[in-house]
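User: Please pick a single part of this structure and take a close look at it. I would like one connected explanation that I can follow with the model open beside me.

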Amino acid sequence: MPFKAKQTRKLTQRFAESSKFEAGVDQMIYDTEVSGFALRVLPSGRRAWMLRDHNSKFSLGPIAELNERDARTRAIEIKQGLRSGPVSYTHLTLPTTPYV
């Protein structure tokens with residue numbers, strides 16, 4: 001599966017929902033404000049919010065179930081938790097359906 005080169009831009013809900021992406025290519029578009037926060041576009045066209053932090057990768061949720069503001073907040077909470085050591089993420093409400 002081909003993967004497109006790293007792209008960066010200010011991620012918004014509008015961009016995630018309305019932008020056209022190259023078919024058949026796995027793409028990650030990274031946010032310019034929160035490092036590691038990204039929109040992943042699968043070759044099938046499905047889109048989900050992600051967080052990559054060093055060796056960790058977190059799927060935050062599909063754009064249809066989680067808006068950009070809530071995904072960004074979750075990404076920041078997870079990053080803060082990773083910086084402060086082991087932490088329980090049970091207070092986060094994650095989607096129950098598979099998305100990636």
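Analyst: Start at Ile29, which stands opposite Leu39 in strand E3. The part to examine here is E3, and the model in which it appears is a predicted one.

Ile29 lies in strand E2, which covers residues 27-31. E2 and E3 pair in the antiparallel sense, and four bridges connect them. Another position where E2 faces E3 is Gln27, which stands opposite Val41. E2 and E3 also form a hairpin, with five residues between the strands. In this hairpin, Gly36 has a positive phi near 90°.

Now turn to the next partner. Strand E4, residues 47-53, is joined to E3 by five bridges, and these two strands also run antiparallel. Here Arg40 of E3 stands opposite Ala48 in E4. The hairpin of E3 and E4 likewise has five residues between its strands. Gly45 is the residue there with a positive phi, in this case near 100°.

Is E3 itself buried or exposed? A residue counts as buried when its relative accessible area is under 20%. Five of the five residues of E3, which spans 37-41, meet that condition, so the strand is largely enclosed by the rest of the structure. In a regular strand, side chains alternate between the two faces of the sheet. The two sides of E3 can therefore be checked one at a time. On one side are Phe37, Leu39 and Val41, and on the other are Ala38 and Arg40. Each of these residues is buried, which leaves both faces of E3 covered. For the chain as a whole, 42% of the 100 residues count as buried.

A residue elsewhere gives a contrast. Arg14 belongs to helix H1, residues 13-18. Its relative accessibility is 68%, so Arg14 counts as exposed, whereas Arg40 in E3 is buried. Between the C-alpha atoms of Arg14 and Glu68 there are 8.9 Å, although 54 residues separate the two in sequence.

The wider setting of E3 is the sheet. Five strands make up an open sheet in the order E1-E2-E3-E4-E5, with mixed pairing. Strands E1 (7-9) and E5 are at its edges and have a single partner strand each, so one side of each lacks a neighbour in the sheet. On average, neighbouring strands of the sheet are turned by 30° against each other, direction ignored.

On the E4 side, the sheet continues from E4 to E5. E5 covers residues 56-62, and six bridges join it to E4 in an antiparallel arrangement. Asp53 stands opposite Ser56 in E5. The hairpin of E4 and E5 has two residues between its strands, and His54 in the turn has a positive phi of about 55°.

Finally, place E3 in the chain. The chain contains two helices and five strands, and along the sequence they follow the pattern β-α-β-β-β-β-α. Among contacts with a separation of 6 or more, 38% are between residues 24 or more positions apart. The accessible surface of the chain is about 6200 Å², and carbon and sulfur atoms account for 51% of that surface.

Methods:
Residues numbered from 1 in each chain as written. Predicted model: local features only at pLDDT ≥ 70, side-chain atom pairs only at ≥ 80, totals over all residues. Heavy atoms only, no water. Buried < 20%, exposed > 50% of the residue type's maximum accessible area, 1.4 Å probe, protein only. Pairing = 2+ DSSP bridges. Contact = heavy atoms within 4.5 Å. Areas by Shrake-Rupley, 256 points an atom, 1.4 Å probe, with all protein chains shown as cover. Axes fitted to C-alpha atoms, helices over the stretch in contact; angles between N-to-C directions.
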